[in-house]
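Reader: I have a protein chain on my screen and would like to learn how to read it. Could you take me through it, one feature at a time?

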Amino acid sequence: MKAIIIYSGKGGVGKTTTTANIARLLAKQGNKVFIIDADINTPSMNTEFEGDHPHEMIWVHSSGNMFSKFIYLEKSMVRQYLELAKKKIHSINPDYVLIDTPPSVTNVHIELLSRVKVSYVLFVTQPTKLSNQDVLRTMDFFHERCGKVNCGIVENMCYGTEHNEYPIRLVAQIPMQDNMNTENLLTNAYNEFQKIVDEIVQSDIVVLKEYSTENGYDENFDVTDIHITGSRKHYFTHELKYDNGVEKTLTLPAMKFLSVRTWDKVRDYIRFHDDLGHLWDERMRRCDTERVGRVVNHFQNDDNAYFMVINAPDTEVHLITGEIGICSLLTGQRGHFELPRVSYQTSKGNVVLFPDEIMPVDINLLQQEINEGYIMLSDGRYLPPKETVQQCYNAFGIRVGLGDNWEDIYDSWNKEMK
């Protein structure tokens, strides 16, 4: 497999059209081509190709095919979008992966280059001084991130054969089309596109990088035993056994959440120990290892992640059950034995939510909900359709945090955020 990044320092220079025509020519010559539309929040590859598999030899991974309306994906969803692309690559095993990136350098480029070793970087520009400067300004970034990878430049929308001087190879010059009509661009500039294909065919074969992450807790040990030590003041001594065979003792003045892996052991001790049993409540019952683990592990290596509110708490900032928003992980919180919580972001302030009040949302679920009518608010949250909330209220009501005034709360958010 060979992976090629197609990049431009500014928008509107024909990067997506160039990528699409390279794909068509490679496919025509018998190559399997997988296109990643990495311009995730303003996709356009879906205008060049219809659907995920528009040609026998071409596959397209584009948020434009996934979401029926404009969205804005934060970091965690960008990561999931790219991880989904990796899974498709493993399944398809293409000869070429063409990555159509956003203009300028963004977090998407950094996330991409943490997952894919690049064979070649193709800069698409125009024969203007400004475009020339954009190439020079960002070239160092790719050299730092990609190492000694070969690079080339395509000048697009050219009126003649004159060109700027560049520190890297000028591969091709694509002529300006009459009335900016690019429908027959590949036919009209076939020889120039063949030069691009000849260049990238010579690039190195690469393998995908595996993306490893860590969560906010040490998950490398088990708790083999818990017992009380001390005479006047009780301390809780935990016998730990690490995966590498090392055994340690951890003594704490109070029981607390140590990790997802050990929560079953600690939770059972809390539940059945006489001095702690009175602190066992409905929240502790609901926050079992599976539920807490889903929340903690959903963050992986990200600062933020998307969650759905499944039981809106009675707080100063009122939420709507079913809404989706961005959260950050909170550790070491007081109460409930320092159970992990999240800070749910709204324009009126953040709300602290427990694992039993939220559900992780991946890119597939977000896509489904948006396509079924979720409304994007200006603070980045997604509100379910009003009729959906009504059905939830009729079925469950206060049991999921929907009081009799839910409609007023819903309308106030909808009105304020428009």
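Reader: How much area does the chain expose, and what share of it do carbon and sulfur atoms supply?

Author: Accessible areas come from the Shrake-Rupley method with a 1.4 Å probe, and for residues only the protein chains shown count as cover. Here the chain exposes about 20100 Å², and 46% of that comes from carbon and sulfur atoms. Keep in mind that this is a predicted model, where local features need pLDDT of at least 70, side-chain atom pairs count only at pLDDT 80 or more, and totals for chains, interfaces and linings use all residues. Residues are numbered from 1 along each chain as its sequence is written, and side-chain values use heavy atoms, with hydrogens and water left out.

Reader: What share of the residues is buried?

Author: Buried means under 20% relative accessible area, exposed means over 50%, and partly exposed is in between (1.4 Å probe, protein chains only). Of the 418 residues in the chain, 51% are buried. The C-alpha atoms fill a box of roughly 90 × 55 × 40 Å along the principal axes.

Reader: How many helices and strands does the chain have?

Author: Helices (H or I, at least four residues) and strands (E, at least two) are DSSP runs, numbered from the N terminus. This chain has 14 helices and 17 strands. For contacts, the rule is heavy atoms within 4.5 Å. Among the contacts with a separation of 6 or more, 65% are between residues 24 or more positions apart.

Reader: Let's take one helix. What span is expected for α1, and what does it reach?

Author: The expected span of a helix is 1.5 Å times one less than its number of residues. With 14 residues, α1 reaches 20 Å from its first C-alpha to its last, close to the 20 Å expected. Helix α8 can be checked in the same way: its 12 residues should span 16 Å, and its end C-alpha atoms are 16 Å apart, which agrees.

Reader: Is α1 mostly covered or mostly open?

Author: Mostly covered: 12 of its 14 residues are buried. Asn21, which has its place in α1 (residues 15–28), is buried with a relative accessible area of 4%. Leaving aside neighbours within four places in sequence, Asn21 is in contact with Leu185, Leu186 and Phe193. Just after α1, Gly30 takes a positive phi of about 90°.

Reader: Which residues of α8 are buried?

Author: A general idea helps here. An α-helix has 3.6 residues a turn, so residues three or four places apart point the same way. In α8, the buried residues are Glu192, Phe193, Gln194, Ile196, Val197, Glu199 and Ile200.

Reader: Now for charges. How many positive and negative side chains are there?

Author: Lys and Arg count as positive and Asp and Glu as negative, while His and the chain ends are not counted. The place of a charge is taken as NZ of Lys, CZ of Arg, CG of Asp or CD of Glu. The chain has 43 positive and 58 negative side chains, and the centres of the two sets lie 3 Å apart.

Reader: How many salt bridges does the structure hold?

Author: A salt bridge is a side-chain nitrogen of Lys or Arg within 4 Å of a carboxyl oxygen of Asp or Glu. The structure holds 18 salt bridges. One of them joins the side chains of Arg169 and Glu199 (3.0 Å, N to O). That pair links distant parts of the chain, with Arg169 in strand β7 (residues 169–175) and Glu199 in helix α8 (residues 190–201), 30 residues apart. At 16% relative accessibility, Glu199 counts as buried.

Reader: Where do Arg261 and Asp222 lie?

Author: Arg261 forms a salt bridge with Asp222, with the closest N and O atoms 2.9 Å apart. Arg261 lies in the loop between β10 (247–252) and α9 (263–272) and Asp222 in strand β8 (residues 221–229), so the pair ties together parts that are 39 residues apart in sequence. Arg261 is partly exposed at 32% relative accessible area, and Asp222 is partly exposed at 33%.

Reader: Which residues are linked in a network of salt bridges?

Author: Glu282, Arg283, Arg285, Arg286, Asp356 and Glu357 are linked in this way.
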